[in-house]
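Reader: I should like to go through the terms used for this structure and see how each is justified. Please show the sequence and the model before we begin.

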Amino acid sequence: MNQEIISTLLKKLRVVNPLIHNITNVVVTNFTANGLLSLGASPVMAYAAEEVADMAKIAGALVLNIGTLNSTVVESMIIAGKSANEHGVPVIFDPVGAGATSYRTETAKKMMNEVKISVLRGNAAEIANVAGYQWEIKGVDAGHSNGNTVELAILTAKKLNTVVVITGKDDVISDGETTYVVHNGHPLLTKVTGTGCLLTSVIGAFAAIEKDFVLASTAALVYYGIVAEIAADKTAHEGPGSFQIELLNQLALVSNDEIVKYGNVEKIEQV
Amino acid sequence: MNQEIISTLLKKLRVVNPLIHNITNVVVTNFTANGLLSLGASPVMAYAAEEVADMAKIAGALVLNIGTLNSTVVESMIIAGKSANEHGVPVIFDPVGAGATSYRTETAKKMMNEVKISVLRGNAAEIANVAGYQWEIKGVDAGHSNGNTVELAILTAKKLNTVVVITGKDDVISDGETTYVVHNGHPLLTKVTGTGCLLTSVIGAFAAIEKDFVLASTAALVYYGIVAEIAADKTAHEGPGSFQIELLNQLALVSNDEIVKYGNVEKIEQV
Amino acid sequence: MNQEIISTLLKKLRVVNPLIHNITNVVVTNFTANGLLSLGASPVMAYAAEEVADMAKIAGALVLNIGTLNSTVVESMIIAGKSANEHGVPVIFDPVGAGATSYRTETAKKMMNEVKISVLRGNAAEIANVAGYQWEIKGVDAGHSNGNTVELAILTAKKLNTVVVITGKDDVISDGETTYVVHNGHPLLTKVTGTGCLLTSVIGAFAAIEKDFVLASTAALVYYGIVAEIAADKTAHEGPGSFQIELLNQLALVSNDEIVKYGNVEKIEQV
């Protein structure tokens with residue numbers, strides 16, 4: 001991928017300032033909203049069944065996240081998702097903790113059945129559990145496994161007919177035909193809560209301005225990964241509190257030059 | 001306004017350490033509580049219908065915010081509001097996103113009808129929508145408009161019989177008779193989520209110790225605006241993450257000298 | 001207490017990386033999760049009645065916090081608590097605001113009756129209200145009192161048959177037989193929301209790896225107190241925003257040498 005495409009998308013995102021409707025968990029609302037604002041998008045959180053259809057249809061993207069799900073919010077997600085589908089608004093889904101409890105796994109599967117999902121984003125365990133493959137999970141964090149995440153992404157994308165993003169040491173993006181691996185990112189991301197959830201919303205922001213969702217997702221991952229690398233570098237020896245704040249700073253600050261210089265993405269040749 | 005009044009009110013606030021009962025949205029709870037603590041107030045969040053009347057009546061002020069409203073929390077807001085009214089506790093209302101969905105607009109109007117509101121605080125679009133005037137809105141952020149916010153504040157204050165605070169590039173405070181414009185503040189406030197919601201709670205803290213709500217609101221806006229200016233100055237080139245943290249710092253640190261030196265408030269002569 | 005025990009427990013905690021299931025209030029979710037991650041534990045928040053039994057039984061500890069309670073979440077807490085009891089998972093309970101409203105007091109007492117609590121953690125007013133003793137409270141903060149917190153802790157531990165932790169200027173830990181007072185900590189902890197709630201979760205993390213809950217709680221309090229002291233020292237003159245972030249940093253950074261050097265804990269001889 002020509003990394004100048006990523007710069008171009010980022011510039012467009014900041015001009016358009018897309019409204020991103022998030023129905024997300026209570027742990028990450030503040031961090032997600034601040035991350036989207038730093039990036040250059042306009043976040044809104046709205047949960048009530050009475051209004052989610054109205055909000056989703058005027059949004060540039062809808063982000064659904066089941067991190068602290070309950071039956072009421074799941075109902076709202078489905079109403080919002082159907083409204084988004086009807087009005088051509090991309091829906092990004094983060095199946096947090098799928099596999100950790102059967103309630104999460106079943107809810108995630110229900111969401112895939114009832115709403116047309118544009119991009120499904122999770123760690124390998126979550127994606128495997130949504131797709132019905134074997135993979136271990138601990139709480140809401142990925143288990144350790146040497147499974148082939150490229151294969152998992154391709155299989156899941158084909159099976160569920162969506163773009164799949166699997167994040168981990170390396171990140172994989174696939175629609176079953178075109179597949180990228182992004183090598184950007186930093187281990188400190190696992191020491192701050194909600195960095196995966198925010199990434200899902202960042203993918204939403206890129207999907208709001210680029211209808212090729214493989215491209216949009218890949219651009220989001222490269223940018224976010226570079227942001228994390230620079231934030232980690234600037235806060236070396238300071239700890240995860242400082243890293244969290246610097247991540248918000250760098251979402252606003254990383255330059256086009258840095259994208260071109262540090263972007264590390266590989267196209268996978270499928271056989 | 002003699003800016004030493006603001007210093008005097010702030011000193012009083014810190015001696016009294018008023019209990020501020022917030023029924024607010026899930027995005028800003030933490031930031032609001034920390035901002036109130038930094039300022040010198042004592043925040044409490046309580047939402048359950050079973051207890052909000054008890055909590056509101058012992059509070060110095062009640063702050064209602066519909067940023068992530070649902071039918072259950074709206075019911076609690078009305079119970080709390082009626083209890084506050086009955087016990088002489090000022091009620092500050094932030095109609096987040098009024099105009100963005102009809103559910104928010106109708107809920108905001110219902111709140112104005114069922115609870116006596118001491119201060120109504122929003123951006124121009126939200127205030128106009130609550131009052132039934134035309135104004136554009138995008139999500140929960142103000143639309144762009146060249147409308148006359150001073151006129152809007154005065155008309156709304158008279159129509160709804162409350163003190164109105166409209167925030168934006170300049171801030172307007174009016175009860176329909178006495179009107180101030182505050183020129184303090186900083187554009188970075190729009191890059192951090194919940195800065196408007198926290199301001200509403202800061203108004204609550206001043207209203208808890210000063211029953212002239214025009215004066216209390218104006219003092220709150222001048223102080224908050226100066227806090228933002230100094231925080232922006234101290235974090236120049238660092239980004240919105242650092243600004244957010246410095247805002248919390250400066251809420252505790254801004255001195256009486258700085259209030260007198262930087263306060264920029266103008267009394268409007270009405271014709 | 002030999003302070004090298006604390007280092008040893010901390011090392012074990014970081015190797016085990018225990019899963020801590022929190023059912024906590026909406027103000028502190030993010031801060032709690034980040035604090036646990038910094039410490040070296042693995043936080044999960046799950047609230048739905050449909051899944052809390054499943055999540056609690058795989059956790060290393062369950063932390064219940066009624067800071068923004070409602071009837072739905074209280075029901076989930078009891079389901080989760082019973083599941084934890086059944087599977088030998090320690091339950092840590094933080095009765096936020098007990099005494100401030102009768103709903104909180106009654107709910108806290110109900111929790112003590114229906115769930116076997118391993119450690120009860122609160123300020124003096126909260127603990128006294130749960131145990132049915134007289135103590136004043138203001139909102140969710142402790143009132144001022146010269147009551148004897150050591151006596152209160154011992155009496156409550158015997159009466160309620162649990163380990164009691166009372167935090168304040170000094171912290172007391174007692175099971176009714178063995179009692180410690182910890183002199184670590186810093187007044188700035190009262191200027192950041194959720195520092196008590198996070199402490200409760202940190203006790204949960206130590207309880208997950210040490211079944212002597214007096215020892216586990218004392219280690220947690222000493223460590224947390226030292227973290228606060230160092231964070232306050234590093235952010236002197238910066239304000240509570242910076243202190244909050246440095247607290248998250250130091251939870252990851254405080255060394256074994258610092259624990260031995262700064263730990264200040266006293267065993268109380270009972271008569």
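Reader: What makes the contact of A:Asp94 and A:Arg121 a salt bridge?

Author: This is a predicted model, in which local features need pLDDT of at least 70, side-chain atom pairs count only at pLDDT 80 or more, and totals for chains, interfaces and linings use all residues. Residues are numbered from 1 along each chain as its sequence is written, chains are lettered from A and ligands numbered from 1 in the order in which they are written, and side-chain values use heavy atoms, with hydrogens and water left out. A salt bridge is a side-chain nitrogen of Lys or Arg within 4 Å of a carboxyl oxygen of Asp or Glu. The side chains of A:Asp94 and A:Arg121 meet at 2.9 Å, N to O, so the pair satisfies the definition.

Reader: Why is this pair said to tie parts of chain A together?

Author: A:Asp94 belongs to strand 4 (residues 91-94) of chain A and A:Arg121 to strand 5 (residues 119-123) of chain A, so the pair ties together parts that are 27 residues apart in sequence. Strands (E, at least two residues) and helices (H or I, at least four) are DSSP runs, numbered from the N terminus. Over all chains, the rule gives nine salt bridges.

Reader: Which side chains form a salt bridge between chain B and chain A?

Author: A:Glu51 and B:Arg104 do, with their closest N and O atoms 2.7 Å apart. The count between chain B and chain A is one salt bridge. Across this interface there are also 10 residue pairs in polar contact, both at pLDDT 80 or more. A polar contact is a pair of N or O atoms within 3.5 Å; within protein, one must be able to donate a hydrogen and the other to accept it, and residues adjacent in sequence count only if both atoms are side-chain atoms. On the side of chain B that touches chain A, helix 5 (102-114) and helix 10 (240-253) of chain B each give two or more residues, and helix 10 of chain B gives the most, with five residues.

Reader: How do you know what area is buried between chain C and chain B?

Author: Buried area is the accessible area (1.4 Å probe) that two parts lose on being put together, summed over both. For chain C and chain B this comes to about 2,100 Å², of which carbon and sulfur atoms give 56%. The contact (heavy atoms within 4.5 Å) takes 30 residues from chain C and 27 residues from chain B. One salt bridge is found across this interface: C:Arg104 meets B:Glu51 at 2.7 Å, N to O.

Reader: What angle describes the packing of helix 6 and helix 7 of chain A?

Author: Helix 6 (residues 124-131) and helix 7 (residues 149-160) of chain A pack at about 35°, and their axes are 10 Å apart. Axes are lines fitted to C-alpha atoms, for helices over the stretch in contact, and angles run from 0 to 180 degrees between N-to-C directions. Among the residues that meet are A:Ile127 and A:Ala128 in helix 6 of chain A, and A:Leu152 and A:Thr156 in helix 7 of chain A.
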